[in-house]
Structure formats: structure tokens, C-alpha cells
Amino acid sequence: MKRLGLGGLFFAWLYGVPFLLLVGLIRRVARPYTPSADEAQAFGVTTDALLTTGLVLNAVLPVLGLLLAGEALWRRHFAGALGGTVLLYVAVALVSSLTTSGLTGHIPADQEPDPVVTQCIPISGGRGCPGG
């Protein structure tokens with residue numbers, strides 16, 4: 001059972017972490033159609049959660065596996081995963097350097113159009129309608 005758990009932990013790091021980071025980076029550079037400010041904020045929060053979770057799991061899973069590994073084979077796997085952790089952080093840092101703002105904390109611009117004024121109700125005091 002321990003072998004199955006360590007294998008699951010290793011493959012979660014090997015496939016799950018890059019998947020989370022890739023989806024987060026794709027969402028970060030995408031221009032989604034978010035017509036309202038609330039939808040834009042929800043999109044940004046989800047993107048931040050994916051990137052943050054991927055970056056945290058990138059560090060935690062290999063260290064946890066190295067601590068739990070009893071056999072030399074699994075220790076070698078997780079020691080190599082620590083090297084892979086550094087490579088993933090370097091890759092994310094390179095992508096981050098190509099963006100114009102930080103990877104997290106980005107909320108797409110509100111794309112809701114300004115309302116068009118079609119009627120004018122005169123303001124009290126006899127000044128007429130604003131703007132003519």
C-alpha cells in the first residue's frame with residue numbers, strides 16, 4: 001500500500017502540477033469574454049487559485065515524498081523530483097518575466113459597455129438636461 005501511495009504522490013507531482021501550472025498560465029494570458037466586473041473578478045480569482053496551488057504543490061509533494069520514502073528507489077525518484085521542482089520554478093519565472101504584470105492578482109478589465117443615454121429627464125431648477 002505504501003508503494004501505491006508513493007507512486008500516486010510522485011505521479012501527482014509529475015503530471016498534476018504541470019497541468020495546474022499550464023492551465024493557470026493559459027488562463028492568465030487569455031482574453032476571456034467577461035462582460036461584467038463580477039465575472040472578470042471570478043475569472044481572475046480562479047486563475048490565481050490554479051497558479052498558487054500549482055506552485056505550492058510543486059514544492060510540497062517532492063519534499064513529502066522524500067520524507068515518506070523508505071526504499072532507495074523512491075528516494076532517488078523524489079530527489080530527482082526536487083531538481084524538477086527547480087526547473088518548473090525557473091520555467092514559471094521565465095513566463096512571468098514575459099508578462100506585463102504579475103502572474104497572480106490579475107483581474108481582466110471590465111468589458112461591459114457604458115450605458116447609452118436615450119432619454120433626458122430635466123433636472124429640477126430649470127437647468128435642462130446635462131450635456132445639452
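These notebook entries record what I looked up in a predicted model.

**Entry 1: helix 2**

I began with helix 2, which has 32 residues. From its first C-alpha to its last I noted 45 Å, close to the 46 Å expected at 1.5 Å a residue. I also noted a bend of about 30° at Leu-57. I then listed the buried residues of this helix, among them Ala-40, Phe-43, Gly-44, Thr-47, Leu-61 and Pro-62. I looked up what covers them and found that the cover includes helix 1 (2–29) and helix 3.

**Entry 2: Thr-47**

I next took one residue of helix 2 (residues 37–68), Thr-47. I recorded Thr-47 as buried, because its relative accessibility is 4% and the cut-off for buried is under 20%. I asked which residues Thr-47 contacts beyond its neighbours within four places in sequence. They are Gly-24, Arg-27 and Arg-28. With Arg-27, I found a polar contact of 3.0 Å between the two side chains. The side chain of Thr-47 also reaches the backbone oxygen of Phe-43, at 2.9 Å. Arg-27 and Phe-43 are themselves linked in my notes: the charged end of Arg-27 sits over the ring of Phe-43, 4.0 Å from the ring centre.

**Entry 3: aromatic rings**

I turned to the aromatic pairs and noted a count of six. For Phe-10 and Trp-13 I recorded ring centres 6.1 Å apart and planes at 40°, so this pair is tilted. The two residues are three apart in helix 1, and are therefore separated by about one helical turn. Phe-10 and Trp-13 are both buried. I found that Phe-10 also pairs with Phe-78, here edge-to-face, at 5.7 Å centre to centre and 85° between the planes. This second pair links distant parts of the chain, since Phe-10 is in helix 1 and Phe-78 in helix 3, 68 residues apart. I looked up the relative accessible area of each partner: Phe-10 has 11% and is buried, while Phe-78 has 0% and is buried. Ring pairs join Phe-10, Phe-11, Trp-13, Tyr-15, Trp-74 and Phe-78 into a cluster.

**Entry 4: Leu-82**

Last, I examined Leu-82, which lies in helix 3 (residues 72–98). Is Leu-82 buried or partly exposed? I entered Leu-82 as partly exposed, because its relative accessibility is 29%. Not counting residues up to four places away in sequence, Leu-82 touches Pro-62, Val-63 and Leu-66. I noted that Leu-82 and Leu-66 are 16 residues apart in sequence, with 9.0 Å from C-alpha to C-alpha.

Conventions. Residues are numbered from 1 along each chain as its sequence is written. This is a predicted model: local features need pLDDT of at least 70, side-chain atom pairs count only at pLDDT 80 or more; totals for chains, interfaces and linings use all residues. Side-chain values use heavy atoms; hydrogens and water are left out. Helices (H or I, at least four residues) and strands (E, at least two) are DSSP runs, numbered from the N terminus. Buried means under 20% relative accessible area, exposed over 50%, partly exposed in between (1.4 Å probe, protein chains only). A polar contact is a pair of N or O atoms within 3.5 Å; within protein, one must be able to donate a hydrogen and the other to accept it, and residues adjacent in sequence count only if both atoms are side-chain atoms. Contact means heavy atoms within 4.5 Å. The expected span of a helix is 1.5 Å times one less than its number of residues. The bend at a residue is the angle between axes fitted to the seven residues ending there and the seven starting there. Rings of Phe, Tyr and Trp (its six-membered ring) pair if their centres lie within 6.5 Å; planes under 30 degrees apart count as stacked, over 60 as edge-to-face and the rest as tilted. A charge sits over a ring if NZ of Lys or CZ of Arg is within 6 Å of the ring centre and within 35 degrees of the ring normal.
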